[in-house]
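User: Please take a close look at the internal spaces of this model and describe what surrounds them. A formal, connected account would be best, with each term explained where it is used.

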Amino acid sequence: MSEETSKPLNFIERIVKEDLDSGKTPAIRTRFPPEPNGYLHIGHAKSIWLNFGLAQKFGGKCNLRMDDTNPEKEDEEYVESIKADVQWLGYQWDGEVHYASDYFEQLYEWAVHLIEAGKAFVCDLNAEEMRTYRGNLTEAGKDSPFRTRSIEENLDLFARMRAGEFADGSRTLRVKIDMASPNINLRDPVIYRIKRATHHQTGDKWCIYPSYDYAHGQGDALEGITHSVCTLEFEVHRPLYDWFINNLPVPAQPHQYEFSRLNVNYTITSKRKLKQLVDEKHVDGWNDPRMPTVSGMRRRGYTPKAINDFCEMAGVTKVEGVVDVGMLEFAIREDLNEISPRAMCVLRPLKVTLTNYPEDQVETMTAPVHPQHEEMGTREMPFCREVFIDQDDFLEEANKQFKRLVLGKRVRLRNSYVIEADEAIKDTDGKIIEIRARVIEGTVGNNPEDGVKPKGVIHWVSARDNVDCEVRLYDRLFNDPAPDAGGKNFLDSINPGSLAILSGCKGEIGLAQATLEDRYQFEREGYFVLDSKYSTAEKPVFNRVIGLKDTWEKAGA
RNA sequence: AGGGCCGUCGCCAAGCGGUAAGGCACUGGAUUUUGAUUCCAGCAUUCCCAGGUUCGAAUCCUGGCGGCCCUGCCA
């Protein structure tokens, strides 16, 4: 790639490159550190893309580390889903999965080290008292009355905390930094709390657990992480991160760098709110195709490539912005357009009887699997006297903008004949239930000899040989670009039309061979994939991943 | 006057003192048996604002304005 066409490095890539070039570090190691307390979403996908991508790009390694310091909120179910999601996105962590809990013993020893150095103390203040002593944004805090305990007493008390002699919440281990610091995170932060909770990895071995601030940087140091990348809200924690690294005999000196988290409009990425959608059954589970979770996007039919491309497109900066979902949709269409075999599927069938076509005749029509990729081969489909077209593709009369079938006018059946409509048959309610039309002889692959060209092209499927299926059309889950902004209740902006289930859809016969991995472009409709939850061999269920770009609807017709 | 961070096109985003990349969106127009794709063209005299330094400022300085984060024994 030439100088002028190569993409400029983002600020983190630039830091990495400089560290590598200067020899500050011979190789880099990053890590993706989720807390196993929920399912991964699009925001995590960006972190995964960034951390694993950085390692890939610069010939380094990336670890997967469960940040499991709060057993009350975590569960093995989540660690399993996290591993699956990371791999589905196309990444493989270096070595085994790591856990912050792997380091509990070492962390404990280092805590003792801090006590021995006179830098940590056991505090008996309860939560409310501690809040009072902490001061606030404009007023300095006060030293805890327990700050001056002797090293011996602290050592004894801390050992007894571990031994389970004290009640939950009754004491904490705190580090002595500065109660007057303008950075509240430095006002003698708690690094251990007593919490009798069974841990998904360590069981009941511990009743004291280290805090995130205390565990994270040390975990990085232990794993040899060189660049610890996290989101902006941890920026004010960096001085604490560095304090531990500088005051503990850690084996390495990792550094923390922060970038702005990904926000996408019409979308929420709060784990709490996502969980609420699931718990209150507003959606069909964590992997509901409308969810911005990795598992939801997977079930919806998004590809890992599209998600990774999207992350790259959005970029890495410290600016807190909101990316347009349109960019995500573009990334998906771009990938799917390239790789998807084409097929025809009539979503709202309307029967067309071709009155001049012999009752018992069947012709085999051949069509390219992908018009831009001849190497993908061809497909065949039977054509006969009765076919289905979409109800939206017929109008008794219309202006010349309408490029579909109109009474007395012609239209091309894609990959087949040009037909001309003669009559619309209606039921007693006036609803059109059948069209009677004629094929124009010799128009397969050719324009009509009489020079009257069809106005447009519509898709169709044989009414005798087809695959009956259900199709699920998804729209954005929220109507509001910022569902949870301000004081709004995000539930109020749920889009009631976010899921439309169409049954009795008719797909071309080749669709009977579809597998869960195959994504198709249903021509003129969009991209579709079998639903992993509801689809069966007898009754295929297709999810619409994303519609085709539609400049017609936008034109307001 | 608590501390930290951020402000470049409708949305992302390059740019790091030499005269505003790119992508999404949008608007033309060409090709098209998908109103898709592809293709070509257009789209910031201006970089939150105001001063200043300089031959020259989005880039440096000063002062404002606006936004976000931090007062969990969450991460």
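Analyst: The structure holds 2 cavities of 30 Å³ or more. A cavity is defined on a 1 Å grid over the protein atoms alone, as a set of points where a 1.4 Å probe fits but cannot get out. A pocket, by contrast, is an open set with protein on both sides within 12 Å along at least five of seven lines, and lining residues have an atom within 4 Å of a point. Grid points are joined across faces, edges and corners, and a volume is the space filled by probe spheres set on the points.

The model is predicted, so local features need pLDDT of at least 70 and side-chain atom pairs pLDDT 80 or more, while totals for chains, interfaces and linings use all residues. Residues are numbered from 1 along each chain as its sequence is written, chains are lettered from A and ligands numbered from 1 in the order in which they are written, and side-chain values use heavy atoms, without hydrogens and water.

The largest cavity encloses about 50 Å³. Its lining consists of Tyr212, Asp213, His216, His237, Tyr241 and Gln256. By class, these divide into 2 nonpolar, 3 polar and 1 charged. In this scheme Ala, Val, Leu, Ile, Met, Phe, Trp, Tyr, Cys and Pro are nonpolar, Asp, Glu, Lys and Arg are charged, and the others, Gly among them, are polar. Helix H7 contributes most to this lining, with 3 residues. Helices (H or I, at least four residues) and strands (E, at least two) are DSSP runs, numbered from the N terminus.

The second largest cavity has a volume of about 40 Å³. Arg65, Asp67, Ala100, Tyr103, Leu107, Ala215, His216 and Gly219 surround it. Here the classes are 4 nonpolar, 2 polar and 2 charged. Helix H7 again gives the most, with 3 residues. His216 appears in the linings of both cavities.

Helix H7 (212–223) also takes part in an open space, the second largest pocket, where strand E1 (29–32), helix H2 (42–57), helix H7 and strand E8 (227–231) each supply at least two lining residues. The volume of this pocket is about 710 Å³. It is lined by 27 residues, of which Pro33, His44, Thr231, Phe234 and Arg261 are the closest to its centre. Helix H2 makes the greatest contribution, with 4 residues. The lining comprises 9 nonpolar, 11 polar and 7 charged residues.

Beyond these spaces, helix H8 (residues 238–247) includes Asn247. At 17% relative accessibility, Asn247 counts as buried. Buried means under 20% relative accessible area, exposed over 50%, and partly exposed in between, with a 1.4 Å probe and protein chains only. The side chain of Asn247 reaches the backbone oxygen of Trp243 at 2.7 Å.

His373 offers a second buried example, with a relative accessibility of 18%. His373 sits in the loop between strand E13 (363–368) and strand E14 (378–383). Its side chain makes a polar contact of 2.7 Å with that of Glu338. A polar contact is a pair of N or O atoms within 3.5 Å; within protein, one must be able to donate a hydrogen and the other to accept it, and residues adjacent in sequence count only if both atoms are side-chain atoms.

Helix H6 (residues 151–163) shows how burial is arranged along a helix. The 13 residues of H6 should span 18 Å at 1.5 Å a residue, and its end C-alpha atoms are indeed 18 Å apart; the expected span is 1.5 Å times one less than the number of residues. Asn154, Leu157, Phe158 and Met161 are the buried residues of H6. Viewed down the axis, these fall within an arc of 100 degrees, so they line one face of the helix; the arc is that of the directions from the helix axis to the C-beta atoms. The face turned away from the buried side carries the exposed residues Glu152 and Ala163.

Finally, three loop residues deserve mention. Asp484, in the loop between strand E23 (467–474) and strand E24 (499–507), is partly exposed at 29% relative accessibility. Its C-alpha atom is separated by 7.1 Å from that of Ile268, which is 216 residues apart along the chain. Asn415, between strand E18 (410–413) and strand E19 (418–426), has a positive phi of about 65 degrees although it is not a glycine. Arg524, in the loop between strand E25 (519–522) and strand E26 (526–530), has a positive phi near 70 degrees and is partly exposed at 35% relative accessibility.
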